[in-house]
Amino acid sequence: MSSPARDRILERLQGAPRQEIPRPEAPPPLAAAPDRGARVARLKSLLEAMRAEVHVVPSPEWLPRLKDLLRTRSLQTLVYAPDTSIGAALRAAWEEDPSGLPALLPYDRPVEAFKETLFAADAAVTTAAGAVADAGAIILRPDAHEPRLMSLVPPLHIAVLAADAIYPSLGDALREGGWSADMPTNLILVSGPSKTADIELTLAFGVHGPKELVVLILE
Amino acid sequence: MATESFEKRADRALGDAQLRRNFAFAMGNFILKRQAVFSDAAETERLRALGSAIKQRALSRLPELLTQLEAACTRNGIRVHWAETTAVANRVVLEIIQSHAASRVVKGKSMVSEEMHLNAFLASHGIEAIETDLGEFIIQLNGETPSHIIVPAIHKNKAQIAKIFHEKVPGAPYTEEVAELNAIARRTLRRKFYEVGIGLSGVNFAVAETGTLCLVENEGNGRMCTTVPAVHIAVMGLEKVVEKLEDLPPLLRLLTGSATGQLVTTYVNLITSPRREGEKDGPREVHLVILDNGRSRIYQDPQLRRTLQCVRCGTCLNHCPVYTRIGGHAYGFVYPGPIGQILTPQVEGLEKAGELAFASSLCGACEEVCPVKIPITELLRRLRDESYSAAPDGGVPGRGCRQNLVERLAWKGWELLNTHPRLNRLATALLGRAGEYLPPGGPLERWMRYRSQPQFAPRSLHRRIQEEGIPDE
Amino acid sequence: MTPESAKPAKIYFFGTCLIDAFYPEAGLAAIRLIEREGVRVVFPPGQSCCGQPAYNSGFPDQARAVARQQLRIFRQDIPVVVPSGSCAGMMKHHYPALFAGTEEEASARALAGRVFEWSEFMVRVLGVRYEDRGAPLRVTWHSSCHALREMKVVEFSKQLLRQLGNVELAELARERECCGFGGTFSIKHPAISGALVNDKVDDIERTGAERVIGGDCGCLMNIAGAAGRRGLPFAEQHLAEFIWERIHGD
């Protein structure tokens with residue numbers, strides 16, 4: 001894709017003195033990768049320090065736990081992604097007993113036909129593709145089934161994370177996940193509810209992103 | 001912008017007690033936060049060395065990486081535009097907006113867009129640029145420019161912000177409660193995110209390997225601007241390209257730790273393409289505008305090129321004793337603080353902005369903490385040399401513009417005194433005897449504005465050495 | 001305190017231009033304290049300035065001319081001890097760059113490798129031990145930016161101070177912040193420099209110290225000038241002169 005501006009800029013850069021600088025050595029890996037228990041604990045601790053609410057539950061119990069925490073909040077609507085495994089599980093669970101629970105809203109059409117609903121929704125529940133223990137962040141990998149705005153627009157975001165998918169560091173996640181070979185449209189790290197310190201450096205939570213983040217870690 | 005001299009603006013800032021209090025408080029805070037998150041000195045040094053190496057490596061391959069970035073982005077469906085000047089960049093942005101018959105754009109924080117004076121340009125074409133970062137939102141309401149790279153409204157305290165909101169946001173009550181002020185901003189801007197069809201952002205790092213734009217933020221407004229509208233325009237300086245995805249983890253750790261003392265921002269947003277087939281949201285069009293604006297010229301000089309390593313963390317500002325006392329606006333240009341002092345004279349020329357390179361005691365607090373180890377004091381010295389250099393054209397624009405007879409004679413005199421021992425001893429003897437009678441002009445007058453008269457010793461060390469019989473070989 | 005390097009028989013002393021003109025007794029004290037440890041101190045009389053003022057002000061040619069003079073004078077392969085972090089830093093860290101690509105480059109590097117800041121030399125090479133014979137006194141310590149960040153010798157200076165049993169060291173709250181001297185910076189930007197030095201003076205006043213001790217006379221002059229202008233009672237003193245006084249019970 002040639003343009004005169006591009007050519008002139010590149011020509012100037014190419015005409016500058018060359019420096020031979022090798023790629024820096026990757027830092028040596030952590031002496032012993034922390035075990036899963038340590039990773040769960042570190043992730044939980046850092047997320048909570050950033051005001052996320054974290055529940056560590058045995059895998060089979062995640063739905064009852066989700067229902068419990070939804071029942072303690074007065075929510076009208078919960079956006080979910082119908083074409084995911086958790087989506088199917090949610091539908092089944094709601095069919096069984098929807099009492100005291102928000103209505104399930106499937107995000108099953110383009111945002112152009114869903115925007116008003118989405119912006120008025122109280123909460124959304126998504127999977128988390130993984131997490132980074134040493135930074136205290138979950139990894140979201142939205143796709144055709146689980147759209148991007150679910151984890152951003154509603155004031156409450158609930159993320160369901162497999163404990164096995166917690167990496168010690170971002171470098172590990174990147175390497176073991178083979179990210180560079182296949183980057184999705186959008187990949188996000190989330191370390192808590194939205195916040196700002198722009199006013200006198202006073203930390204305040206709940207700005208434009210979700211006001212609340214709940215993470216369910218499934219063991 | 002810079003119609004008054006830097007000296008006048010600095011003087012005014014120094015006399016503004018509220019400003020000095022606001023900045024002293026904020027910068028002190030930032031220093032502590034950074035210390036807390038980089039508490040292991042050895043580990044921090046390793047990380048900084050790595051960050052420096054990654055950036056220097058990327059710069060060494062800048063044209064190749066930009067070409068690679070463009071190819072990868074294009075493959076991904078991101079449209080790449082090149083702009084040599086800010087005027088061209090503004091036109092590119094305008095044309096994209098006009099092609100969608102839009103009259104508004106929601107903006108995430110972008111220092112490059114400040115460099116472009118984009119908002120004013122768009123306004124002159126009937127397009128409203130709506131700042132959504134809280135700090136930018138505050139200063140936009142008040143018609144001001146940012147005073148810091150990371151926290152644009154840091155020069156304002158709660159009371160000042162409360163007043164601005166109450167006066168400028170329709171229906172907003174007067175409140176100094178931070179939670180309430182945030183709620184007002186959230187409500188006001190949520191409507192804009194919903195309605196506006198074009199979003200604009202900066203870029204923290206652009207990964208050549210994968211054609212990925214990496215953006216970091218805490219508020220969520222950046223994700224809003226880059227996900228809700230149908231069109232996303234990203235603007236970046238051409239020095240922001242990095243080679244590989246694996247370069248991101250250390251750079252992110254350095255940027256975030258240095259900027260706000262956090263381990264990680266609330267959101268790290270990696271954008272690789274517009275909405276793909278089957279996806280339900282995200283922009284249908286993503287544009288990347290690569291801006292030069294003097295960077296390719298800076299690149300020509302291997303020493304000055306190191307200016308381009310900057311990741312815009314703002315920590316040099318936080319640690320600078322000058323910035324802490326005069327605040328960001330006194331610098332008179334978009335980038336304040338030490339980075340502004342080395343970058344601006346190179347972009348704007350020494351005639352217009354060269355005095356910034358002299359407004360430093362060379363204390364080195366900035367380069368001690370720079371996450372990518374830019375040798376800031378070395379570059380300041382280089383710019384000072386350029387200002388007086390009699391060498392023919394080349395180097396920094398405006399080279400030699402400060403040459404003057406008075407200083408040339410003064411330094412020549414200093415050289416003579418210090419290379420002729422007998423002259424030197426004569427001078428110190430004279431000053432020792434009659435130094436207090438020096439006429440109160442020029443340098444002495446400036447020294448004595450804040451200090452009592454210097455006392456020359458009656459007998460110099462050289463003389464005392466002779467008296468005491470200390471050997472000379 | 002075991003010395004890290006072997007004690008030399010002979011050393012050069014570089015007095016610095018500020019000590020020459022304003023604080024000669026500090027220079028003498030520094031020399032006497034070295035001689036006291038059995039080291040011969042040589043003071044070549046042709047010495048003048050390290051060149052830093054011109055180097056920092058955009059006049060590298062003049063700086064080089066003056067630095068060249070020092071290169072010629074301090075040519076023997078013996079340590080050069082400098083009672084200033086700033087001047088020591090200039091010689092050690094900047095002479096190689098100043099002479100890069102010239103025929104003096106090797107000579108500059110060689111000199112740079114032999115430079116010690118005074119307190120660094122006293123502690124690391126001579127391993128001195130002092131007994132305080134003075135009356136109780138509260139002092140504070142001023143770290144020059146070069147001593148702190150370039151030469152990294154502040155710990156040596158403080159070790160020496162801490163040896164003095166009757167001296168109470170009250171450290172500054174904002175020790176790492178520049179005092180605003182910066183050579184010609186104090187002349188070119190008087191108001192900003194003035195703000196910095198006044199904050200430093202406030203910080204010193206808050207310690208209740210009777211004296212501010214430092215290793216750099218540029219900073220000391222700057223601080224003393226501002227304190228004097230405000231009629232504040234504390235005095236300034238170079239570390240070497242202070243130690244000489246204390247061990248003699250003056």
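Biologist: Which domains does the domain assignment give for chain B?

Modeller: Keep in mind that this is a predicted model. The assignment splits out two stretches of chain B, and their C-alpha centres sit 56 Å apart. They are domain 1 (38-293) and domain 2 (421-468).

Biologist: Over to chain A, then. How far does helix α2 reach from its first C-alpha to its last?

Modeller: α2 of chain A runs over residues 36-49, which makes 14 residues. At 1.5 Å a residue you'd expect 20 Å, and the helix comes close to that, reaching 20 Å.

Biologist: Why do the buried residues of α2(A) end up on the same side of the helix?

Modeller: The buried ones are A:Arg39, A:Val40, A:Leu43, A:Leu46 and A:Leu47. An α-helix has 3.6 residues a turn, so residues three or four places apart point the same way. Here the buried set shares one side of α2(A) because it covers an arc of only 145° around the axis.

Biologist: What caps the N-terminal end of α2(A)?

Modeller: Look for a side-chain oxygen 3.1 Å from the backbone nitrogen of A:Gly37. At the other end, the helix is followed by A:Arg51, with a positive phi near 70°. The N-terminal cap itself is A:Asp35.

Biologist: What is the area buried between chain C and chain B?

Modeller: The contact draws 69 residues from chain C and 59 residues from chain B. On the chain C side, C:Asp20, C:Phe59 and C:Ile187 lose the most area to chain B, together 11% of what that side buries. Carbon and sulfur atoms give 62% of the total, which is about 5,700 Å².

Biologist: Is B:Asn221 buried or exposed?

Modeller: B:Asn221 sits in helix α11 (residues 221-227) of chain B. Leaving out residues up to four places away in sequence, B:Asn221 touches B:Lys107, B:Thr132 and B:Phe193, among others, and also A:His208 from chain A. Its relative accessible area is 3%, and the cut-off for buried is under 20%. So B:Asn221 counts as buried.

Biologist: Which side chain makes a polar contact with the side chain of C:Arg138?

Modeller: C:Arg138 lies in strand β5 (residues 137-142) of chain C, and at 32% relative accessibility it is partly exposed. Setting aside neighbours within four places in sequence, its contacts include C:Ala170, C:Thr207 and C:Glu168. The polar contact, at 3.2 Å, is with C:Glu168.

Biologist: How many Å separate the C-alpha atoms of C:Arg138 and C:Val167?

Modeller: Along the chain, C:Arg138 and C:Val167 are 29 residues apart. In space, their C-alpha atoms are separated by 5.8 Å.

Definitions and conventions:
Residues numbered from 1 in each chain as written. Chains lettered and ligands numbered in written order. Predicted model: local features only at pLDDT ≥ 70, side-chain atom pairs only at ≥ 80, totals over all residues. Heavy atoms only, no water. Domains from an automatic or database assignment. Helix = DSSP H or I, 4+ residues; strand = E, 2+ residues; numbered from the N terminus. Expected span 1.5 Å × (residues − 1). Buried < 20%, exposed > 50% of the residue type's maximum accessible area, 1.4 Å probe, protein only. Arc of directions from axis to C-beta. Polar contact = N/O pair within 3.5 Å; in protein donor to acceptor, adjacent residues only side chain to side chain. Contact = heavy atoms within 4.5 Å. Buried area = accessible area lost by both parts, 1.4 Å probe.
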